[in-house]
Amino acid sequence: MRMNPRIFDLIEKIDGPIRLLFRDRTPATLYEPMAYLLGAGGKRIRPLLLALSCRSVGGGLEDCLDAAMAIELLHTFTLVHDDIMDHDHLRRGLPTVHKKWDEATAILAGDGLVTAAYTGLLRTRHPELVRVLGKFTEGLMVLCEGQALDKAFESREDVAIGEYFDMIGKKTAKLIEMSCEVGGILGNGTDREIAALKRFGFSLGIAFQVQDDLLDVVSKEETLGKPVASDISERKKTVLTIHFLSRADAAQRGRFTAFCGKPGLTPAEVDEIKSLFEQTGTLAEAERVISEKTNLALSELELIRPGQSREDLRELALSLLNRES
Ligand code: IPE
Ligand code: IPE
Ligand code: MG
Ligand code: MG
Ligand code: MG
């Protein structure tokens with residue numbers, strides 16, 4: 001993702017203190033795995049959106065840095081547990097926490113990260129901190145609902161496209177929505193601006209997950225930092241699999257079904273899946289949805305006061321369109 005120097009500088013300001021968290025804390029069996037994934041990079045999209053949202057309505061980084069860091073800790077917690085749930089071995093280019101250590105360590109590291117997220121958020125000084133805590137907590141509960149649906153859909157073959165959008169709205173878009181909304185609150189935006197930032201975040205979050213589902217098939221492990229075609233191995237229901245099954249003929253469906261649930265698909269098998277998705281217009285459909293939802297998100301920014309940070313939000317949203325990881 002290409003970023004302008006202002007956005008890059010903001011990432012550094014958020015990333016620096018995140019990387020210092022939990023250093024030299026004991027017991028190391030808890031804090032080392034907590035710091036591990038935080039130190040492995042990641043796009044920092046959620047804290048960036050929170051900080052830019054705050055700035056876009058007149059706030060400063062000092063008003064929202066603790067909250068921005070907290071959202072990244074919360075997100076990282078969800079990744080550690082998600083990788084156990086999805087049986088994945090690679091994250092941010094490194095072995096997942098439960099593979100490098102074990103499941104008990106990963107469960108506890110996740111618990112520690114979510115707790116540390118709240119500890120950090122509580123450092124925020126703002127008259128509406130209780131409202132912010134409520135948003136944070138609600139966001140996390142909805143995310144859990146989304147993850148529950150995601151898992152339940154693995155064993156269903158009749159998931160409708162509307163159910164898929166509901167599920168990704170909960171597991172992914174809600175947290176991105178919350179990042180933008182909380183940024184708006186901490187920046188003391190108007191009610192109209194906060195509501196617009198919230199809708200911006202939700203639509204962007206939907207586009208973000210559809211892109212994640214697309215990258216699962218079209219990207220490379222080295223660029224993605226995650227295993228490719230993990231969704232097919234895990235029988236996930238995505239916009240791709242749902243669209244494909246609605247378009248495929250019997251032969252195409254038969255080829256695809258043979259790959260579903262198969263762990264460790266080979267590059268040749270992934271290429272065949274890609275080609276099946278190409279033949280049925282599935283890749284094009286995913287691209288269409290991503291651009292439609294991104295445009296919907298961008299239209300909400302018209303309701304934010306004009307300024308540099310609003311333009312940075314626009315640029316960030318557009319740069320996500322051609323991300324490769
Ligand atoms: C991965 O999130 C989980 C999803 C919701 C798709 P990111 O793609 O933001 O992961 P990092 O933080 O950059 O590693
Ligand atoms: C991510 O969905 C949702 C959450 C982590 C809450 P995925 O399972 O598709 O995310 P990746 O692809 O593993 O990052
Ligand atoms: Mg996953
Ligand atoms: Mg998952
Ligand atoms: Mg994914």
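**Close-ups of the ligand sites**

**View 1. Ligand 1 sits in the largest pocket.** This is a predicted model, and here we zoom in on what surrounds ligand 1. The neighbours are Gly42, Lys43, Arg46, His75, Leu79, Arg91, Arg92, Thr172, Phe208, Gln209 and Asp212. Helices α4 and α9 each chip in at least two residues of this shell, with α9 giving the largest share, three residues.

**View 2. Basic side chains reach the oxygen atoms of ligand 1: Lys43, Arg46 and Arg92.** Look for a polar side-chain atom of Lys43 at 2.6 Å from a ligand 1 oxygen. Arg46 has a polar side-chain atom 2.7 Å from an oxygen of ligand 1, and for Arg92 the distance from a side-chain N or O atom to a ligand oxygen is 2.7 Å. On its own, ligand 1 would have 390 Å² of accessible area, and the protein covers 89% of that.

**View 3. Ligand 2 sits in the largest pocket too.** Around ligand 2 you'll find Thr78, Asp82, Asp86, Arg91, Leu143, Gln147, Lys171, Thr172, Gln209, Asp212 and Lys226. Four helices each supply at least two residues of that shell: α4 (61-85), α7 (129-153), α8 (161-186) and α9 (191-218).

**View 4. Side chains of Asp82, Asp86 and Gln209 come up to oxygen atoms of ligand 2.** A side-chain N or O atom of Asp86 is 2.8 Å from a ligand 2 oxygen. For Asp82 the matching distance is 2.9 Å, and for Gln209 it is 3.4 Å. Ligand 2 alone exposes 390 Å², of which the protein buries 90%.

**View 5. Asp82 and Asp86 hold the magnesium ion (ligand 3).** Both residues coordinate this ion through OD atoms, at 2.1 Å. Asp82 does a second job, bridging the magnesium ion (ligand 3) and the magnesium ion (ligand 4), which lie 3.1 Å apart. Are these two aspartates, Asp82 and Asp86, buried or exposed? Asp82 counts as buried because its relative accessible area is 14%, under the 20% cut-off. Asp86 is buried as well, at 9% relative accessibility.

**View 6. Lys171 of helix α8 pairs up with Asp150.** The side chains of Lys171 and Asp150 share a polar contact of 3.0 Å. With a relative accessibility of 16%, Lys171 is buried. Lys171 is also one of the residues around ligand 2, so keep View 3 in mind when you look at this one.

Key. Residues are numbered from 1 along each chain as its sequence is written. Chains are lettered from A and ligands numbered from 1 in the order in which they are written. This is a predicted model: local features need pLDDT of at least 70, side-chain atom pairs count only at pLDDT 80 or more; totals for chains, interfaces and linings use all residues. Side-chain values use heavy atoms; hydrogens and water are left out. Donors are N, O and S atoms within 2.8 Å of the metal (3.2 Å for Na, K and Ca); water is not among the atoms, so sites may look incomplete. Buried means under 20% relative accessible area, exposed over 50%, partly exposed in between (1.4 Å probe, protein chains only). A residue is near a molecule or strand if one of its heavy atoms lies within 4 Å of it. A polar contact is a pair of N or O atoms within 3.5 Å; within protein, one must be able to donate a hydrogen and the other to accept it, and residues adjacent in sequence count only if both atoms are side-chain atoms. Accessible areas come from the Shrake-Rupley method with a 1.4 Å probe; for residues, only the protein chains shown count as cover. On a 1 Å grid over the protein atoms alone, a cavity is a set of points where a 1.4 Å probe fits but cannot get out, and a pocket is an open set with protein on both sides within 12 Å along at least five of seven lines; lining residues have an atom within 4 Å of a point. A molecule sits in a cavity or pocket if more than half of its atoms lie within 2 Å of its grid points.
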